[in-house]
Amino acid sequence: IRQSVVREVANSRQLFHAGFFRTLSLSVSKSMIVALIIAVSLALGGGVSLAAEQALPGDALYTVKIRVNEEVREALSLSAQDKADCETRRAERRLEEAEQLAVEGRLDEEVRSHIEEQFREHAEKVRERVKKFQEDKDLDSAVEASARLEVSLRAHEYILSRLEEQADGQAETLRLEVKKEHEESEDLDDDVKAEASNDDDEDEDAADRQEAAVNKLKSAQHK
């Protein structure tokens, strides 16, 4: 049964890439999709799911990795911060895959374009969550999420720059895309930190005013 499921997953790669889950989401609720994903994960069994973690674009189990394993993790992420961390990790994984393929000389234009698209999607979702944290005045979460994304992109930009010399230019286009995303994330990170700093200053001013009021009241009571 497990082998049959694996074959079906491998044969359905193009269906997934064409937007199967986007189409499915129009006809059933999100909770039903989550239940379906978990059911598929259980049907595949732990061994297949674990093996899929090492899959790269083009491998038979890659669809299991990104459409089952990662979707289950995201579904099980309960807090907004956990979901932001999950999206950041997915962006990191796409870049790690591209770096591995570049080392192996398998990062062709089609694969690179597909990875770039997914990477941009995950990075944008993180930024959207950071902005929502800002709107909700949850600045601690905003700082943490934006900082993690910015640091990660900076590291991968450096790695890809080193790979350019070893991978016959296969990594150059992706590095430029990461550089662009890094600059956007860096700007957002600076904005979030500035807002958090201003908020801390306001809290300190409020605390000072409260302390002054208390001291004034005590002084009045002693007169």
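Is aspartate 136 buried, exposed or partly exposed? Select it and have a look: aspartate 136 is partly exposed, with a relative accessible area of 46%. Keep in mind that you're looking at a predicted model.

Now add lysine 132. Its side chain makes a salt bridge with aspartate 136, and the closest N and O atoms sit 2.8 Å apart. Lysine 132 is partly exposed too, at 43% relative accessible area.

While you're on salt bridges, bring up a whole network: Glu53, Lys65, Glu70, Glu71, Arg73, Glu74, Arg90, Arg93, Arg94 and Glu97 are joined into one by bridges that share partners. The model has 28 salt bridges in total.

Next, pick arginine 89 and glutamate 96, whose side chains meet in a salt bridge at 2.9 Å, N to O. Arginine 89 is partly exposed at 31%, and glutamate 96 is partly exposed at 33%.

Then jump to arginine 148 and aspartate 85, another salt bridge, at 3.7 Å from N to O. Arginine 148 belongs to helix H8 and aspartate 85 to helix H6, so this pair ties together parts 63 residues apart in sequence. Arginine 148 is partly exposed, with 31% relative accessibility.

Stay on helix H8 (residues 139–163) and select aspartate 140. This one is exposed, at 67% relative accessible area. Add Asp138, Glu144 and Asp199, and together with Asp140 you have a negative surface patch.

Last stop: serine 77, in the loop between helix H5 (62–75) and helix H6 (80–104). Serine 77 counts as buried, at 11% relative accessibility. Its side chain reaches the backbone oxygen of arginine 73 at 2.9 Å.

Conventions:
Residues numbered from 1 in each chain as written. Predicted model: local features only at pLDDT ≥ 70, side-chain atom pairs only at ≥ 80, totals over all residues. Heavy atoms only, no water. Patch = residues over 30% accessible without salt bridge, like charges linked within 9 Å, V, L, I, M, F, W, Y side chains within 5 Å. Areas by Shrake-Rupley, 256 points an atom, 1.4 Å probe, with all protein chains shown as cover. Salt bridge = Lys/Arg side-chain N within 4 Å of Asp/Glu carboxyl O. Lys, Arg positive; Asp, Glu negative; His and termini not counted. Charge placed at Lys NZ, Arg CZ, Asp CG, Glu CD. Helix = DSSP H or I, 4+ residues; strand = E, 2+ residues; numbered from the N terminus. Buried < 20%, exposed > 50% of the residue type's maximum accessible area, 1.4 Å probe, protein only. Polar contact = N/O pair within 3.5 Å; in protein donor to acceptor, adjacent residues only side chain to side chain.
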